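Visitor: Could you walk me through how to read a structure like this one? I'd like the general idea each time, and then the case in front of us.

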Amino acid sequence: MNRPNVGVACRGRRAIESKCRWRDGREGEVRPKIQQAMCECMGWHVGVLWHIDREAGALRCAEMWRKPSVEAAPFEAGARTSTFLLGSGLPGRVWASRMPAIISDVLHDPESYADIAARAGLRTAFALPILLGSEVLGVIGFFSRDVWPTEQNLLDMLATTGIQIGQFTKRAAAVDELQLRVSMLQHIPVAAWSVMPDGTPDIVNELWFEYTGQTPEYVNSHPEAWMSTVHPEDRERAAGIYWDGIRSGRGFTMEARFLRARDGTYRWHLNRAVAVRDCEGNIVRIVGTSTDVHDWRQAQEELRNTQAGLAHTTRVLTMGELTASIAHEVNQPLGAIVASAGACERWLAAKPPQMEKARRALERIVNDGRRAGEVIKRIRALMKHQAPRKDWLDINETILEMVALAQYQLSRGDILLETRLAEGLPLVHGDRVQLQQVLLNLIVNAIDAMSGIDERRRELTIVSAADGPEAVAVEVRDSGMGVDLERAAHLFEPFYTTKAEGIGIGLSISRSIVEAHGGHLSAAANVPHGAVFRFSVPLEEPLS
């Protein structure tokens, strides 16, 4: 008979240390190893591990071990179905006291498994708490067919063993968590990786290897080995951004073309990385992802082309509404040219020729020709279908150019125009033609809104002003029918219109243009009558 004593308990602890290294298995694999090691080294016939069911507030059987020679099926069935409340039975008492306990003979313990233990031939029961600090993680129980006396030194030694098992359990749980996170990294639907603070490769998930055709050995061979899959034209730029983000600890965001191994094509990827820091702020890893955005970029390009075509269409439609105004703007300088030419002819035919007056007439012809040319140039720019081109521009100059185009329409509609343009406004970075289109659309809408007004003065006011330190704002105010607050939210929706002949894309396109410049277009009621449309444009180009 191998009765447990202090020496046997020491061998049990060494067995635990040798068989249950935390790095050798998961938490669920460590617990049965601990159980078996202690039973075998200390001569127990049956071992039971109870874990705490936090919801039920009770101990439940989690693991069970027995010697192959022991037939204990009824006892095992009872152990697996029984629960113990705090302070109930031997496991419950150990849970409550956080101290090991022994029952030399279960037949004399009214709260034990007397009947089923006796049928299995079990007599002595021992239990110890698994502790992590002051927290009880569970209880391990051992049963023997022999009747063993209580030894306090043994209980003290096994109390320390319970703490040791708690530490093993904690470490095994940490391994479980680490393996779970590595598994999550391996299975997320984008290529993901991590590197050490100096750029040495750490973890690369399977999707990266599958996509690029590279191998773990190749990636780990050199900190820049992964860059061989980057397009040659992007490689130097990508390497610079990568190493700057790694060495500075700021991480990075960049787009570059990567080789897809299965078809040998280079595709655009969005690459992002961030630093992972410990509790003291030290960088422990840099983690990142590489997402194939090639199809998304193509869809965006097609969308931009579609929007550009639609914007061109709205410009043509808007210009169609200003046909009379355009004709007037062109006819004025042409009529002046004809008049000046006739005057020049008369001065030259005079006896003697009036050369100075003829020269001034020729100067007027040149000036009026340039004026007509500028009008045609602005019209051609608005009508031309061209790619957006951003430049630094004066918003007041842009406003005055569009006012000139609409001048005849304003006069014919008996509309009083007032411009309140702030002086000294900074230049804004934008596409001149697109912003002209926004202004022209708002001016034409204002003219249309006042076309049926007879009971009050028709007034159009255009205001420019600084919008904080980083933007310029423009307001177009009219004294027309005003904005229906219930319908205001729909004004910028495509194909929503309040005009009988309108198609409802002007304001939608205008808002898209303003938002593409990093600004905002809104509508509100004007006081006391009419509507005010306001848009802002930032001084700097917005980051994409």
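**A guided reading**

Guide: Let's start with one residue: Asn-396 counts as buried because its relative accessible area is 13%, under the 20% cut-off. Keep in mind that this is a predicted model.

Visitor: Where does Asn-396 sit, and which residues does Asn-396 touch beyond its neighbours up to four places away in sequence?

Guide: Asn-396 belongs to helix H13. Leaving out residues up to four places away in sequence, Asn-396 touches Leu-421, Ala-422, Leu-425 and Ser-464. The helix itself, H13 (residues 395-412), lies across E13, E15 and E16, and runs at about 175° to E13.

Visitor: Those strands bring me to sheets. How do I read one?

Guide: Strands of a sheet pair through backbone hydrogen bonds, and the pairing is either parallel or antiparallel. Here, five strands form an open sheet in the order E13-E15-E16-E18-E17, and the pairing is mixed. Strand E13 (416-421) and strand E17 (520-525) are the edges, each pairing on one side only. On average, neighbouring strands of this sheet are turned by 15° against each other, ignoring direction.

Visitor: How many bridges join strand E15 to strand E16?

Guide: Seven bridges, with strand E15 (residues 459-466) and strand E16 (residues 471-478) running antiparallel. To pick out one of these pairings, look at Ala-466, whose bridge partner in E16 is Val-472.

Visitor: What is the strand order in the open sheet of six strands?

Guide: That order is E3-E2-E1-E6-E5-E4, and the pairing is antiparallel. E3 and strand E4 (101-103) stand at the edges with a single partner strand each, so one side of each has no neighbour in the sheet. From one strand to the next, the twist averages 25°.

Visitor: Which strand pair could I zoom in on there?

Guide: Try strand E5 (residues 124-132) and strand E6 (residues 135-144), which pair in the antiparallel sense over nine bridges. Pro-129 has Val-139 as its bridge partner in E6. This sheet has a helix across it too: helix H3 (residues 73-81) lies across E1, strand E2 (58-66), E3 and E6, at about 150° to E2.

Visitor: Now the aromatics. What should I look at?

Guide: A pair of aromatic rings is described by the distance of the centres and the angle of the planes. A search of the whole structure turns up twelve aromatic pairs. One of them is Trp-50 with Phe-84, an edge-to-face pair at 5.8 Å centre to centre with 80° between the planes. Trp-50 lies in strand E1 (residues 46-53) and Phe-84 in strand E3 (residues 83-85), so the pair ties together parts that are 34 residues apart in sequence. Both Trp-50 and Phe-84 are buried.

Visitor: What arrangement do Trp-226 and Phe-258 form?

Guide: They form a stacked pair, 6.3 Å centre to centre and 15° between the planes. This pair also links distant parts of the chain, 32 residues apart: Trp-226 is in the loop between helix H8 (216-219) and helix H9 (232-248), while Phe-258 is in strand E9 (residues 252-260). Trp-226 counts as buried because its relative accessibility is 14%, and Phe-258 does so at 2%. The two rings belong to one aromatic cluster with Trp-193, Trp-208, Tyr-242, Trp-243 and Phe-252.

Visitor: Which charged residue sits over the ring of Trp-268?

Guide: That's Arg-297, whose charged end is 4.0 Å from the centre of the ring.

Visitor: And how do I spot parts of the chain that come together from far along the sequence?

Guide: Check C-alpha separations and contacts. Ile-165, in helix H6 (residues 152-187), is 131 residues from Ile-34 along the chain, yet their C-alpha atoms are 7.7 Å apart. Ile-165 counts as buried, since its relative accessibility is 1%. Ala-191, in strand E7 (residues 191-195), is buried too, with a relative accessible area of 6%. Its C-alpha atom is 8.5 Å from that of Gly-288, 97 residues away along the chain. Among the residues that Ala-191 touches are Trp-208, Gly-288 and Thr-289.

Visitor: Last one: how many disulfides does a search of the whole structure find?

Guide: Zero. For two cysteines to compare, Cys-279 is exposed, with a relative accessible area of 80%, whereas Cys-344 is buried at 7%.

Note on methods
Residues numbered from 1 in each chain as written. Predicted model: local features only at pLDDT ≥ 70, side-chain atom pairs only at ≥ 80, totals over all residues. Heavy atoms only, no water. Helix = DSSP H or I, 4+ residues; strand = E, 2+ residues; numbered from the N terminus. Buried < 20%, exposed > 50% of the residue type's maximum accessible area, 1.4 Å probe, protein only. Phe/Tyr/Trp six-rings, centres within 6.5 Å; stacked < 30°, edge-to-face > 60°. Lys NZ or Arg CZ within 6 Å of the ring centre and 35° of its normal. Pairing = 2+ DSSP bridges. Axes fitted to C-alpha atoms, helices over the stretch in contact; angles between N-to-C directions. Contact = heavy atoms within 4.5 Å. Disulfide = S-S within 2.5 Å.
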